[in-house]
Amino acid sequence: MSTPREFIDLERPGKAERTFRTDSAVSEFRIPQVDHGLIDRYESIDRKALRAYRLGRLQEQLRAHDYAGILLANPINIRYATDTADMSVWVMHSPSRYVFIATDGPMILFEFAATKHNCEGIETIDEVRTTIPWIYFLAGPRVDEKAALWAKEIEDVVRQYGRGNTRLAVDRCDPWGADLLTQRGLQLFDAQPFTEKARAIKGAQEIEQHRVSMAVADLGIARMREVLAPGITENQLWGVFTGNNIAHGGQWEECQLLTSGPRTNPWFQEASNRVIQAGDIVGFDTDMVGPGGALSDVSRTFISSVRGRPRRAISAI
């Protein structure tokens, strides 16, 4: 196992030295090539048109269900509604960022005070306010106090822009928060069914975004197939795919479903440090959230062979 060449002396902080590794695991590393054509295709998408289409789809659903508005805290839904992504994975388990969209009124994004600059220039966002997080990780012993402040502000925007309608669609809310809203006279309804219906019909820009994301996934798959050889681990191979996604502006992978040899059955095991052997079946699902948050999910199965010999792909196990 390699160790850093120089260390920090904790007993003498004034003598701190550089701690970066300089062994062959660093010096022989080569950054993967980026397909600039894919990046250019993504950047050429008319995002104003994409945002206008999505907002229209959501408000169409709100009118159809006679809601005053919608409160979204799921970062996937926030991304769809606002075209912004701020610490999405963290917010998935620490709900603290949310958006209110009035059926016939403004979109108000409640953002972290330190990250408001990330949503500048988004023309569909009419107002940005500072979020009031009331999870224990951020509020500590002041959860009740913060939750009450949050509930009052949500009630205020519903009454201000709901035109007397108190029917509010909500996608995610802990029970005590929901209880506070109902105590304030709001009627809560599940937002997830119609956010799914809104997303079901894609606009032209969304279709192009999915095509770009799928092209990124295809490139990652081809690169995995190219480097697949006996001696590498499942995690190494999966790292090729996920690194390719990030390098092209993608977001994350929902799973790490890649297994080889005897680990392919039963399925639904995640990648490990198992060393892939010659003749092993290697199967994986991409589960890739790519550029713009587009999901590209396909399955592929290869056979590991010695370099120089023909490699075969099989369609299913």
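Biologist: How much area does the protein chain expose?

Modeller: This is a predicted model, in which local features need pLDDT of at least 70 and side-chain atom pairs count only at pLDDT 80 or more, while totals for chains, interfaces and linings use all residues. Residues are numbered from 1 along each chain as its sequence is written, and side-chain values use heavy atoms, with hydrogens and water left out. Accessible areas come from the Shrake-Rupley method with a 1.4 Å probe, and for residues only the protein chains shown count as cover. Carbon and sulfur atoms supply 54% of the exposed area of the protein chain, which comes to about 16600 Å².

Biologist: What percentage of the residues of the protein chain count as buried?

Modeller: A residue is called buried under 20% relative accessible area, exposed over 50%, and partly exposed in between (1.4 Å probe, protein chains only). Of the 317 residues of the protein chain, the buried share is 45%.

Biologist: How many helices and strands does the protein chain have?

Modeller: Both are DSSP runs numbered from the N terminus, with H or I over at least four residues for a helix and E over at least two for a strand. Counted in this way, the protein chain has eleven helices and 13 strands.

Biologist: How far apart are the end C-alpha atoms of helix α7?

Modeller: Helix α7 covers residues 143-161, which makes 19 residues, and the expected span of a helix is 1.5 Å times one less than its number of residues. The helix should therefore span 27 Å, and this agrees with the distance between its end C-alpha atoms in the model, 27 Å.

Biologist: Is arginine 54 buried or exposed?

Modeller: Arginine 54 lies in helix α3, residues 47-64. Leaving aside neighbours within four places in sequence, arginine 54 is in contact (heavy atoms within 4.5 Å) with Arg79, Tyr80, Glu206 and Gln209. Because its relative accessibility is 7%, arginine 54 counts as buried.

Biologist: Which residue of β3 is the bridge partner of valine 99?

Modeller: Strand β2 (residues 98-102) and β3 run antiparallel and are joined by four bridges, where two strands pair if DSSP finds at least two bridges between them. The two strands form a hairpin with four residues between them. Met107, Leu109 and Glu111 point one way from β3, whereas Ile108 and Phe110 point the other way. The partner of valine 99 in β3 is leucine 109.

Biologist: Why is strand β3 described as largely enclosed by the rest of the structure?

Modeller: Besides its hairpin with β2, strand β3 pairs in the parallel sense with strand β4 (residues 127-130) over four bridges, and phenylalanine 110 stands opposite arginine 129 in β4. Strand β3 spans residues 107-111, and it is largely enclosed because the number of its five residues that are buried is five.

Biologist: What relative accessibility does serine 304 have?

Modeller: Serine 304 lies in the loop between β12 (299-303) and β13 (313-314). Not counting residues up to four places away in sequence, serine 304 touches several residues, including Leu228, Pro230, Ile276 and Asp280. Serine 304 counts as buried because its relative accessibility is 1%.

Biologist: Which strands are the edge strands of the open sheet that has the order β7-β10-β11?

Modeller: This sheet has three strands, and the pairing is antiparallel. β7 and strand β10 (residues 288-289) pair over two bridges, with glutamate 253 opposite methionine 288 in β10. Each edge strand pairs on one side only, and the edge strands are β7 (252-253) and β11 (295-296).
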